[in-house]
Amino acid sequence: MSSRRFGTQSLMRLLGHWQQEHARTPIWRQLADALRLLILDGRLALDTRLPGERELATSLGVSRTTISSALAHLRDAGYLESRLGSGSRIILPDSRAIPTRAVASEALDLSTAALGAGPEIFQAYTHALTALSQHLTHTGYDQAGLQPLRAAIASRYTAQGLPTRPEEIMVVNGAVSGLALVLRMLTGPGDRVVVDHPTYPLAIAAIQGAACRPVGVSLPQTGWDIDGFAATLAQTAPRLAYLMPDFHNPTGRCMDSNTREAIAAIAARTRTTLVVDETMVDLWYDAPPPPPLAAFDKQANVITLGSAGKSFWGGLRLGWIRASSRTIASLTQTRDTLDLGSPLLEQLATLWLIERSNELLPARREMLNARRRRCSELMQAHFPDWRFQQPQGGLSFWVELPDLLATQLAARAETVGIHLGTGTRFGLSGAFDRYLRMPFSLEPAELESALLRIKPLWQPLNNGGSAIKRNIV
């Protein structure tokens, strides 16, 4: 099977502002580092064929020798495979480890916003193993999910102001899996899907993986653009819209009640299906969120995605879909083509955790709130030119840099074993190169260590950018 060719213009948008003119690092190495970052982020898919050297040199405004040196470096590192007459194809190194100049034990991941398991996870699995015996006489296949778990999830929604019955719940293998299932049922190739801009990278990947076209509605400095959302629905006639009101990833903001009511009314009026991702709903710090968006207009067709990953532990790989019983029945039929249900042991463990969520979640929020404060203090102390707002919930800050420097900083950080989440991962067509998503889920000591290692990389990068801006002015 032939490789898919990546267009030059598309590659230029993804690369963004990769070149730092006054750096000591050779231009070919800057380009190689930027391309490697795109590969590691998954924005350059495996088996994709790059444009030819001459075409790249012309489009990027560099010499062909620069292109040749950058591609040769990536080939030597195991990221490219080149054949005469066929160009260069994206691959990954044979080693599963990400190669950096730092030893593996020193590598720190600031690209992922997630927590490790607490002692309650071991307790949950211990209980689940005991409870498993009564289910062993059954086949274990259940595409809707374990009935007691569905009832417990339904009770949560009812307590939050959205009356829900167990038959309106389907258990799935994580929220992204739930989104993929919804896309499979409701969309076809070429359909438009409206998203917040920025938004969750795996949602973009799922939408594009379904051969759909994501259409972004830009988020203002605060809140959501209701008029922009309405105009986009009117102009693009999307198949559905994907939103994260509680709490938005990557900004951490929470949609207020008035906005929820307006968004639901717009969706009902235009008959647009809303897919609402509540993955972060339990991680609030200042105040709990309003009732679920689906509670604000019963005429709107709202499909809600939930997950145990952020609330308890990502290793559970368990989520759920809340929708009308008719929609759940249709999703169950669609699921026949994907899998035969979710693992029973994980469902039993999640049931134990949900039944004790009022005991477990306050301590988790208190710990994360302390880490949020510490992360804010560290960034203010070491990076005073970074701008950010306190997230109302979630696991990360959305940091605005003084210039289009995120890709360059992330490429440099990789060389010292630190993985950063650039803003471009959260945007369409290479947008948000002046933003970083900075998680506060690490232990404070680990976070401080990572930021101190980034600081000497950032200072010359920022000073160079400031000098360029002054010269332009």
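The following exercises, each with a worked solution, concern a predicted model of a single protein chain.

**Exercise 1. Overall form**

Determine how the radius of gyration of the chain stands against that of a compact globule.

*Solution.*
Step 1. The chain has 473 residues, and for that number a compact globule would have a radius of gyration near 23 Å.
Step 2. The value for the chain is 23 Å, which agrees with the globule rule.
Step 3. Along the principal axes, the C-alpha atoms fill a box of roughly 65 × 50 × 50 Å.
Step 4. Of the 473 residues, 54% are buried.
Step 5. Consider next the contacts between residues at least 6 apart in sequence: 74% of them join residues at least 24 apart.
Step 6. The secondary structure of the chain comprises 15 helices and 13 strands.

**Exercise 2. A salt bridge between two helices**

Identify which elements are tied together by the salt bridge of E53 and R64, and classify both residues by accessibility.

*Solution.*
Step 1. Side chains of opposite charge can pair when their charged atoms come close.
Step 2. For E53 and R64, the closest N and O atoms are 3.5 Å apart, within the 4 Å cut-off for a salt bridge.
Step 3. E53 belongs to helix α3 (residues 53-60) and R64 to helix α4 (residues 64-77), so the pair ties together parts 11 residues apart in sequence.
Step 4. E53 has 23% relative accessibility and counts as partly exposed; R64, at 41%, is also partly exposed.
Step 5. Helix α4 also holds I67, which is buried with a relative accessible area of 1%.
Step 6. Apart from neighbours within four places in sequence, I67 is in contact with L31, E53, L56, A57, L60 and V62. E53 of the salt bridge is thus one of the contacts of I67.
Step 7. The C-alpha atoms of I67 and R29 lie 9.7 Å apart in space, while the two residues are 38 apart in sequence.

**Exercise 3. The surroundings of D282**

Establish where D282 lies, whether it is buried or exposed, and which residues it touches.

*Solution.*
Step 1. D282 is located in the loop between β8 and β9.
Step 2. Its relative accessible area is 8%; D282 is therefore buried, the cut-off being under 20%.
Step 3. D282 forms a salt bridge with R156, with an N to O distance of 3.2 Å. This pair links distant parts of the chain, 126 residues apart, since R156 sits in helix α6 (residues 147-159) and D282 in the loop between β8 (273-277) and β9 (302-307).
Step 4. R156, like D282, is buried.
Step 5. A polar contact of 2.6 Å joins the side chains of D282 and S311.
Step 6. Not counting residues up to four places away in sequence, D282 touches R156, S311, L361 and R365.

**Exercise 4. A salt-bridge network**

Determine which residues are joined with R165 and E167 into one network by salt bridges that share partners.

*Solution.*
Step 1. The closest N and O atoms of R165 and E167 are 2.6 Å apart, and the two residues form a salt bridge.
Step 2. R165 is partly exposed at 40% relative accessibility, and E167 is partly exposed at 37%.
Step 3. Shared partners join R165, E167, E168 and R322 into one network.
Step 4. In total, the structure holds 16 salt bridges.

**Exercise 5. The two sides of helix α10**

Analyse helix α10 (residues 257-270): its span, its buried and exposed residues, and its ends.

*Solution.*
Step 1. Helix α10 has 14 residues and spans 20 Å from its first C-alpha to its last, close to the 20 Å expected at 1.5 Å a residue.
Step 2. T259, R260, I263, A264, I266 and A267 are the buried residues of α10. Around the axis they cover an arc of only 160°, so they lie on the same side of α10.
Step 3. On the other side of α10, N258 and R269 are exposed.
Step 4. The packing partners of the buried residues of α10 are α9 (226-236), β7 (240-243) and β8.
Step 5. At the N-terminal end, D256 caps α10, a side-chain oxygen lying 3.3 Å from the backbone nitrogen of N258.
Step 6. Just after α10, R271 adopts a positive phi of about 55°.

How values were computed
Residues numbered from 1 in each chain as written. Predicted model: local features only at pLDDT ≥ 70, side-chain atom pairs only at ≥ 80, totals over all residues. Heavy atoms only, no water. Salt bridge = Lys/Arg side-chain N within 4 Å of Asp/Glu carboxyl O. Helix = DSSP H or I, 4+ residues; strand = E, 2+ residues; numbered from the N terminus. Buried < 20%, exposed > 50% of the residue type's maximum accessible area, 1.4 Å probe, protein only. Expected span 1.5 Å × (residues − 1). Arc of directions from axis to C-beta. Contact = heavy atoms within 4.5 Å. Polar contact = N/O pair within 3.5 Å; in protein donor to acceptor, adjacent residues only side chain to side chain. Rg over C-alpha atoms; globule rule 2.2 N^0.38 Å.
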